[in-house]
Amino acid sequence: MPCLEETDQLVQLIDQKHEVLTQLLTLSQYQLRLAGHEQYIGDLMRVLGAKQTLIERLTRIDRTMDPFRQQDPESRVWRSASERTQCSQKAKQCEVLLSELKHMEQKSTDVVSAHRDEIAKMLRDTNSSVDSASAYTDMNTPTSRGFDLTAE
């Protein structure tokens, strides 16, 4: 049967998870504003680096929570009924935040993909223009350099 200290640890872990997810959501919103704007690529890379650090922290928190997943929630010892309710609400908020994060990541991926496709089209158009100009230049270049009229 879980003891009070274990339940306290679970409460702390859920609080930490909520905090990290909130920070990730804030960074993801910033990422979405930066996505697709090549002039902000440096800022975008810093945001992605910060997100990676938070994702690693979230993974550590989640692994620490693994033993609690094996427990029967009804057997946990709580300091009070209100603490249990607050913890349950915060755990549900974590699920909502995680869902919002997934949605935001998909939107950001869509924006970056569209921008990538736009750049690829511009590169193809530029290459076509270069190829056309090169072909036109080749048509106007004499194929012979002329006759050698010097006598030996």
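**Note on the three-helix chain and its largest pocket**

1. The largest pocket has a lining of 15 residues, and those nearest its centre are Leu10, Ile14, Met65, Arg76 and Ala91. A pocket here is an open set of points on a 1 Å grid over the protein atoms alone, where a 1.4 Å probe fits, with protein on both sides within 12 Å along at least five of seven lines, and lining residues have an atom within 4 Å of a point.

2. The model is predicted, so local features need pLDDT of at least 70 and side-chain atom pairs count only at pLDDT 80 or more, while totals for chains, interfaces and linings use all residues. Residues are numbered from 1 along each chain as its sequence is written, and side-chain values use heavy atoms, leaving out hydrogens and water.

3. The chain has 3 helices and 0 strands (DSSP runs, with H or I over at least four residues for helices and E over at least two for strands, numbered from the N terminus). At least two residues of the lining of the largest pocket come from each of α1, α2 and α3 (81–139), and α3 gives the most, with 6 residues.

4. Helix α1 (residues 4–34) has 31 residues and should span 45 Å at 1.5 Å a residue, which agrees with the 45 Å between its end C-alpha atoms; the expected span is 1.5 Å times one less than the number of residues. Gly36, with a positive phi near 85 degrees, follows α1.

5. Ile41 lies in helix α2 (residues 41–69) and counts as partly exposed because its relative accessibility is 48% (buried means under 20% relative accessible area, exposed over 50%, partly exposed in between, with a 1.4 Å probe and protein chains only).
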